Every structure is written in C-alpha cells, then in structure tokens.
Amino acid sequence: MSKRVWISAIVSTLVVCGGMAAALAVHAEVPSQLAGKPLLAVAEEKKSKSLKDIIFETQKLVVMIETDKGEQGSGFLYNLEGDLITNAHVVAGARMVKIKTADAREMEGEVIGISTETDIAVVRVPELSGTEPLQVVRDEKAEVGDEVLAVGSPLGFKNTVTTGIISGLGRSFEIEPYLYSDLYQISAPIAPGNSGGPLVDQKTGAVLGINSAGYEQGSIGFSIPIANVIELAEQWSNEPMQELPEIETSDDKDGLEENASVEEFAGYLVTHFYDSLNNADYVYAYSLLGGNWKEGTSYEKFREGYLGTLNVVIDNMHVKNSKKDKAVVIAVISVDERVDGKYVLSKYQVTYEVGYENDQLKLLSGKGKAIK
C-alpha cells in the first residue's frame with residue numbers, strides 16, 4: 001500500500017472518531033443545560049390570566065364569616081396554616097366564628113389575633129390548613145388608576161365581585177374605636193358584609209388590600225393596604241393571642257347606617273346585577289331576581305337573552321320610594337351587544353322594582369325600552 005493511501009486512511013479514521021466523540025459530548029452535555037420544559041410550555045406560563053380566571057381562583061379562597069351575635073363579614077386565606085385575614089370589627093367580641101366557603105362548606109374558626117387600634121384580625125381554620133392561599137403584595141403599593149376587584153359577601157350575597165379602580169390614595173378618617181389612615185379609596189362600593197374581603201389586582205390576582213368601609217352617599221369604598229398590616233397578621237399566626245382584648249365597636253361599623261332604608265341599597269343591587277352580567281356570571285345574576293320574575297323566565301331563557309351582551313355601563317341612575325320596603329330604580333345604560341353578527345352600541349332606559357323577599361334584597365320586576 002502506497003504512502004498516500006495510508007495517510008488517507010488515517011485521516012478518515014480520525015474524522016470518524018472525532019465525529020463520534022462530538023456526538024457523545026452533545027448527547028451528554030446539552031440536556032443538562034436545558035431548562036427541562038418545552039419552549040411552548042414556558043411561553044404559555046408567561047401568558048397573563050384572564051379576568052374570569054382571576055375571579056374564579058379568588059372566590060374559592062374568600063369566605064363568609066358569621067358570629068354568634070349575628071355579625072357578618074368576609075375574610076380570605078393568606079397562608080398555608082389555614083389563617084384568614086379579616087377586619088377586627090367583623091369578629092369583635094367573638095373567640096369562635098362560623099366560616100362558610102364558596103363551595104357551601106361550613107367550618108369553625110378561632111380568632112387568634114385582633115387589634116384594638118388597626119381594623120384587622122386573623123382567624124384560624126384548621127380544616128383549611130395546607131390549602132394554597134391567595135398571593136399577597138408585601139412591599140409595593142397600588143397607584144391611582146389601577147384596576148381592582150372587591151370580593152366579599154355584601155348584604156349576605158356570598159362571594160360577590162365588584163369591579164373598580166383605585167381612585168385615591170392616603171385617605172384617613174375615624175370610625176370608633178379605629179383610626180383609619182393611609183387608605184386606598186376605590187370606586188367599588190363596600191356594603192355591610194363586604195368588610196374583611198380582599199381588594200385584588202385585576203391583572204395579577206394578588207391581594208392589594210382589605211376592604212374595610214364604604215361611604216353611604218355613593219359608590220366609594222376604602223381599603224387598608226395589605227403591605228401596612230401583613231407583618232402584624234404574621235405575628236399572630238406565629239404566636240396566637242392567648243387572651244383577646246375587649247373591643248367596643250361603633251354602630252356604624254362599615255361606614256353605612258345599620259338600619260338603612262331599601263332605597264340606599266337598591267342602586268347597589270342594580271349595579272351589582274350588571275357587574276355579574278359583565279363577568280358572564282349568569283347563574284349569580286339570575287339568583288338576584290325575585291320569585292315571581294323567575295316563574296315567568298327560566299334560567300335558560302334568561303341566559304340566552306344576555307349571551308349577545310358584551311358589556312353594560314350605567315350612565316346615570318335615580319332611586320325613589322314606591323311603597324314601604326320597596327324602591328324603584330330608573331337607569332340609563334349603554335350596552336355593547338351583538339346584532340346581526342356585529343357588535344353595536346345601544347342605549348336603554350331600564351326600570352326595576354327592588355324589595356325584600358325572604359329577608360334578602362331582590363330585583364322583583366324589571367322592564368326596559370330602547371333610547372334612540
């Protein structure tokens with residue numbers, strides 16, 4: 001064999017061996033440098049949650065709290081120990097309270113911490129231990145214009161969602177015995193029963209504050225920034241109070257008159273009805289109707305009537321007395337609705353009669369006409 005042939009054979013062997021070594025190196029090293037998830041999965045994880053997803057996930061972790069004295073409010077799960085944050089005025093004077101979850105379970109909770117100065121308390125529910133809690137914003141503060149959800153049980157309507165924005169910062173006032181300072185002012189109203197529920201960021205689902213009081217003359221609420229009180233709550237969770245202090249609360253606990261007339265709540269109920277429709281929660285919206293209205297309209301027919309409605313905005317509203325324990329709400333609304341396959345903006349004047357039925361406020365009847 002000639003010298004040239006030997007050289008060619010040696011070079012070929014070296015090339016083959018080098019290729020095999022490179023292949024083995026790639027096979028061994030590259031997997032260890034990958035993140036372990038397909039790029040598509042990573043991309044999907046980075047997608048923001050929809051508003052409906054955030055509402056659904058939040059509602060599961062918000063509860064109704066009731067005391068033996070009949071006081072009622074809301075609370076939300078904030079840690080893995082089964083601890084709920086709520087307002088102090090919701091559980092004042094109670095050691096044990098009744099907890100009602102979104103899926104209709106009833107549990108017992110123990111007040112393990114309560115403040116005499118700041119309107120905050122912590123309730124421990126052993127049965128909720130190990131449940132993944134809501135995410136809490138510990139350091140950052142919300143800003144004016146941030147879109148928020150107020151979740152709670154206003155007027156006994158369990159797990160209600162009201163949408164709004166942060167409309168003001170640094171608000172302060174006093175409702176004895178508590179001094180409220182550095183509050184968020186929000187455009188979502190806070191009615192009795194809403195207190196203690198979370199104020200949630202619409203984009204992330206994280207808790208920004210604790211809904212605490214409302215202004216009776218309009219759709220304005222106030223919320224304690226969670227960043228201001230989270231350390232105090234965690235202190236009680238780590239070292240529960242052995243004895244609870246006595247707290248004398250004002251009759252004006254939620255900033256609303258306890259014996260307010262039906263007119264004061266009628267406008268809120270209509271607003272809440274349209275919020276439910278905008279969130280596509282047709283089951284809940286239907287539950288706000290009175291018995292006679294439901295008899296004449298099945299749920300299927302009710303839902304079908306609103307499937308083409310994209311969004312409803314209340315332009316103006318007027319509430320007047322009709323008779324004892326009833327009120328009439330007249331409103332002008334703007335509606336994005338689907339007509340002949342296209343979305344168009346329409347205006348309607350709607351009239352509702354609102355009153356109590358089995359001790360719950362209901363939309364007893366309603367009618368509307370188009371405005372040209």
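In the predicted model, H318 is placed in strand β13. With a relative accessible area of 47%, H318 is partly exposed, because this value falls between the limits of 20% for buried and 50% for exposed residues. Beyond the residues up to four places away in sequence, H318 touches V328, V329 and I330. The C-alpha atom of H318 is separated by 9.7 Å from that of T351, although the two residues are 33 residues apart along the chain.

Strand β13, which spans residues 309-323, also contains T309. Here the relative accessible area is 17%, and T309 is therefore classed as buried, the threshold being under 20%. The contacts of T309, with neighbours within four places in sequence set aside, are made with V335, D336 and E337. Strand β13 thus holds both a partly exposed residue, H318, and a buried one, T309.

Strand β13 further contributes to the second largest pocket, as one of the elements that each supply at least two residues of its lining. The others are helices α6 (262-278) and α9 (299-306) together with strands β14 (326-339), β15 (342-357) and β16 (360-371). The space within the second largest pocket amounts to about 420 Å³. Its lining comprises 21 residues, of which Y274, G305, Y306, V350 and Y352 are the closest to the centre. By residue class, this lining consists of eleven nonpolar, six polar and four charged residues.

At the level of the whole chain, nine helices and 16 strands are present. Of the 372 residues, 43% are buried. Among contacts in the chain with a separation of 6 or more, 61% are accounted for by residues 24 or more positions apart.

The largest nonpolar core contains 49 residues, and F76, I85, V91 and I99 touch the most other members. Strand β5 (residues 106-114) provides the largest share of this core, namely four residues. Apart from the largest core lies another, of 27 residues, which includes F265, F273, Y274 and V335. Y274 is thus a member of this other core and is also listed among the residues closest to the centre of the second largest pocket. V335, likewise a member of the 27-residue core, is in contact with T309.

The surroundings of I99 include residues of several parts of the sequence. Residues up to four places away not being counted, I99 touches V63, M64, I65, L84, R105, E106, M107, E108, G109, V123 and V125.

The loop between β5 and β6 (121-124) holds S115. S115 has a relative accessible area of 9% and is accordingly buried. Its contacts outside the four adjacent places in sequence are with A88, I120, Y178, L232, W236 and I247. N87 lies 28 residues from S115 in sequence, with a C-alpha to C-alpha distance of 9.2 Å.

Strand β10 (residues 198-201) is covered on both faces. P198 and V200 on one side are buried, as are L199 and D201 on the other. In a regular strand, side chains alternate between the two faces of the sheet. Strand β10 pairs in the antiparallel sense with strand β7 (residues 147-152) over three bridges. D201 of β10 is the bridge partner of V148.

Note on methods. Residues numbered from 1 in each chain as written. Predicted model: local features only at pLDDT ≥ 70, side-chain atom pairs only at ≥ 80, totals over all residues. Heavy atoms only, no water. Core = buried A, V, L, I, M, F, W, Y, C linked by side-chain atoms within 4.5 Å. Buried < 20%, exposed > 50% of the residue type's maximum accessible area, 1.4 Å probe, protein only. Contact = heavy atoms within 4.5 Å. Pairing = 2+ DSSP bridges. 1 Å grid on protein atoms, 1.4 Å probe; cavity = no way out; pocket = protein on both sides within 12 Å on 5 of 7 lines; lining within 4 Å. Points joined across faces, edges and corners; volume = space filled by probe spheres on them. Nonpolar A, V, L, I, M, F, W, Y, C, P; charged D, E, K, R; others polar.
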